[in-house]
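Colleague: I have a model open and want to test the labels put on it. Walk me through the reasoning.

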Amino acid sequence: MLTQVGDGVWVRQSAWVWTNSIVVRGEDGLILVDPGIDGSELNQLAEDLDRLGIPVVAGFSTHPHWDHLLWHARFGDVPRYATPAGAQAARDARERAQAMAAQSASGIPLELIGLVTPLPADGGPVPGEILEHQAHAVGHAAVLLADRGVLLAGDMLSDVLIPLLDAGRPDQVGAYETALDRLGEAARHVDVLVPGHGEVAEGPEVAARLAADHAYIDALRRGEEPLDARLGTDADWLSGPHQSNLEQARGR
Ligand SMILES: [Zn+2]
């Protein structure tokens, strides 16, 4: 079910890791940001879009991980964009993304995974401001819709996911510090934050999300073990990524 979270901004949450498919109304039609996950969910999203009665004109992938590179034929054969670095990485990792999607979820149209092209410098059909940074994944972008008071954060600022450092690249602690500063500046213009996974944050919760990611990264910077509510008793699945964050931070 699509939920409106701002002027011309809707979110549909997947059962798979609380993934948020985001729909943004642009000048000429709808832009789908990170639609997912299961084939049946993509179908339901297509039905929700039919009910909105506005055509889909483009897609946008916030970063080149498989769960953010999905598409369905019912959304139409329209351009799908990412940052230039994100598009390059998506091309390079397409087969791996297809394998991971096939392994992780059912009914995903594998042939449509990762077919993204570089977003034009003027943003093309994607409204708002693209905030590109180096945390979590190459070419990772947030989208600031300042006039609507909404920030689409990609895989940052989640209430369920800790910061997940890109294991393949150096100084992710520094990359997160830079990215969080940027997102913090952007968040001053919004009262709604849509993370890639987890609940939409509103009002004071937006600042709380920033504070939580900051605290985690600050602890890594100090060489300490982060105390993080997201690493609770029912979050065993995060202990592996958490350990690899600690190792990467120590080896920095
Ligand atoms: Zn993700």
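The exchange below takes the labels in turn.

Modeller: Keep in mind that this is a predicted model.

Colleague: What makes β8 and β12 edge strands?

Modeller: The open sheet runs β8-β9-β10-β11-β12, with mixed pairing. β8 (129–133) and β12 (201–202) each pair on one side only. That makes them the edges.

Colleague: How do you know that β11 and β12 pair?

Modeller: Pairing needs at least two bridges. β11 (residues 192–195) and β12 have two, in the antiparallel sense. The criterion is met, so they count as paired. Valine 192 stands opposite glutamate 202 in β12.

Colleague: What does helix α4 touch on the sheet?

Modeller: Helix α4 (residues 172–187) packs on β8, β9 (140–145), β10 (150–154) and β11. Its direction makes about 160° with that of β8.

Colleague: Why is the largest nonpolar core said to lie between the domains?

Modeller: Domain 1 (1–127) and domain 2 (130–252) both give residues to this core, so it lies between them. The core has 71 residues. Its largest share, six residues, comes from α4. Ala142 is among the members that touch the most others. Beyond its sequence neighbours within four places, alanine 142 is in contact with residues including Leu131, Leu151 and Leu183.

Colleague: What makes one face of α2 the buried one?

Modeller: Buried means 20 or more other C-beta atoms within 10 Å. In helix α2 (residues 84–92), Gly86, Ala87, Ala89 and Ala90 are buried. Down the axis they fall within an arc of 165°, so they line one face. Their cover includes β6 (80–82), α3 (94–104), β7 (117–118) and β9.

How values were computed
Residues are numbered from 1 along each chain as its sequence is written. This is a predicted model: local features need pLDDT of at least 70, side-chain atom pairs count only at pLDDT 80 or more; totals for chains, interfaces and linings use all residues. Helices (H or I, at least four residues) and strands (E, at least two) are DSSP runs, numbered from the N terminus. Two residues are in contact if their C-beta atoms, placed from the backbone, lie within 7 Å. Axes are lines fitted to C-alpha atoms, for helices over the stretch in contact, and angles run from 0 to 180 degrees between N-to-C directions. A nonpolar core is a set of buried Ala, Val, Leu, Ile, Met, Phe, Trp, Tyr and Cys residues joined through C-beta atoms within 7 Å. A residue is buried if 20 or more other C-beta atoms lie within 10 Å of its own, exposed if 12 or fewer, and partly exposed in between; C-beta atoms are placed from the backbone. Domain bounds come from an automatic or database domain assignment. The arc is that of the directions from the helix axis to the C-beta atoms.
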